[in-house]
Amino acid sequence: MRIIILLLSLGLAGCATLDREECQTADWQLIGFNDGVAGRSAERLEQHREACADYGISPLMDDYLDGHYRGAERYCTAENGYNRARAGQGYNSVCSGGLSYDFERGFELGQEAYRQLQQQEQVERQLSDQKSSQREDENRIAELEKKLVADKTKPEQRYQLLRDIESLRDQIYSRKPDIQRLKTEVEMERRYSRQLEQDLRQQL
């Protein structure tokens, strides 16, 4: 049943590419161009075919493919390749054959930028984790200090609370050098990312 529902939903998604009026007045060269310039595969023509089949209309394949190629020429630029890779997206198969050179060159540069951003984010996460641990320990100390001065707290409990508070303060103190080091690393990674971004974009 789930498979049937999935197939039906995919069919409905295909029908959504064009409505009746769009099918009847379709400029297939323009539709192909728009798909190509958006980086969509020429296989999208099949979705358009399914969408218009209910109205007894068939796409003009040659017109669509001609428009799609011209649109893909606009899409398959070094800048688009760079932006796609920098965002961590995969290589777009639309840019194949004679359209691949500029896009692939930009894509490789974008991958370099993406790797640096990943490195930057890793250090930022480490710093965030350390700061979070500091806050948790500070909050825990505040809770223990309230118990420490509470009237119902017994002397032996106060002794243990003091030991726990001291232990937490030691953790906070020992964590400070790592936090300072990570702050410096984060600033260095961000500075390097900005410089790398400028250098890579100049190569597009």
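Helices here are DSSP runs of H or I with at least four residues, numbered from the N terminus. Keep in mind throughout that this is a predicted model.

**Exercise 1. Work out the order of the elements, and then the overall form of the protein.**

Step 1: Count the elements. There are eight helices and zero strands, so going from the N terminus you read α-α-α-α-α-α-α-α.

Step 2: Check the radius of gyration. A compact globule of 204 residues would come out near 17 Å, but this protein has 29 Å.

Step 3: Look at the extents. The C-alpha trace spans about 90 × 50 × 25 Å along its principal axes.

Step 4: Add burial and surface. Of the 204 residues, 31% count as buried. The protein exposes about 13,600 Å², and carbon and sulfur atoms supply 48% of that.

Step 5: Ask how contacts are spread along the sequence. Taking contacts with a separation of 6 or more, 73% are between residues 24 or more positions apart.

**Exercise 2. Find the buried residues of helix 3 and helix 4, and say how they are placed.**

Step 1: Start with helix 3, residues 28-37. Its buried residues are W28, I31, G32, F33, D35 and G36.

Step 2: Find their partners. The buried residues of helix 3 pack against helix 4 and helix 5 (61-75).

Step 3: See what comes after helix 3. G39 follows the helix, and its phi is positive, near 80°.

Step 4: Move on to helix 4, residues 44-53. Here the buried set is L45, H48, A51 and C52. Look down the axis of helix 4 and these buried residues fall within an arc of 115°, so they line one face of the helix.

**Exercise 3. Compare K154 with L200: where does each sit, and is each one buried or partly exposed?**

Step 1: Place the two residues. K154 is in the loop between helix 7 (100-149) and helix 8 (155-202), while L200 is in helix 8.

Step 2: Apply the cut-off. Buried means under 20% relative accessible area, and partly exposed runs from there up to 50%. K154 has 48%, so it is partly exposed. L200 has 2%, so it counts as buried.

Step 3: Get the spacing. K154 and L200 are 46 residues apart along the chain, and their C-alpha atoms are separated by 66 Å.

Step 4: Now set L200 against G110. These two are 90 residues apart in sequence, yet 7.8 Å apart in space, C-alpha to C-alpha.

Step 5: List what surrounds L200. Leaving out residues up to four places away in sequence, L200 touches Y82, L109, E112 and A113.

**Exercise 4. Tally the charged side chains and say how far apart the centres of the two sets lie.**

Step 1: Count them. You get 30 positive and 37 negative side chains.

Step 2: Take the centre of each set. The two centres lie 10 Å apart.

Definitions and conventions: Residues are numbered from 1 along each chain as its sequence is written. This is a predicted model: local features need pLDDT of at least 70, side-chain atom pairs count only at pLDDT 80 or more; totals for chains, interfaces and linings use all residues. Side-chain values use heavy atoms; hydrogens and water are left out. Helices (H or I, at least four residues) and strands (E, at least two) are DSSP runs, numbered from the N terminus. The radius of gyration is taken over C-alpha atoms; the globule rule is 2.2 Å times the number of residues to the power 0.38. Buried means under 20% relative accessible area, exposed over 50%, partly exposed in between (1.4 Å probe, protein chains only). Contact means heavy atoms within 4.5 Å. Accessible areas come from the Shrake-Rupley method with a 1.4 Å probe; for residues, only the protein chains shown count as cover. Lys and Arg count as positive and Asp and Glu as negative; His and the chain ends are not counted. The place of a charge is taken as NZ of Lys, CZ of Arg, CG of Asp or CD of Glu. The arc is that of the directions from the helix axis to the C-beta atoms.
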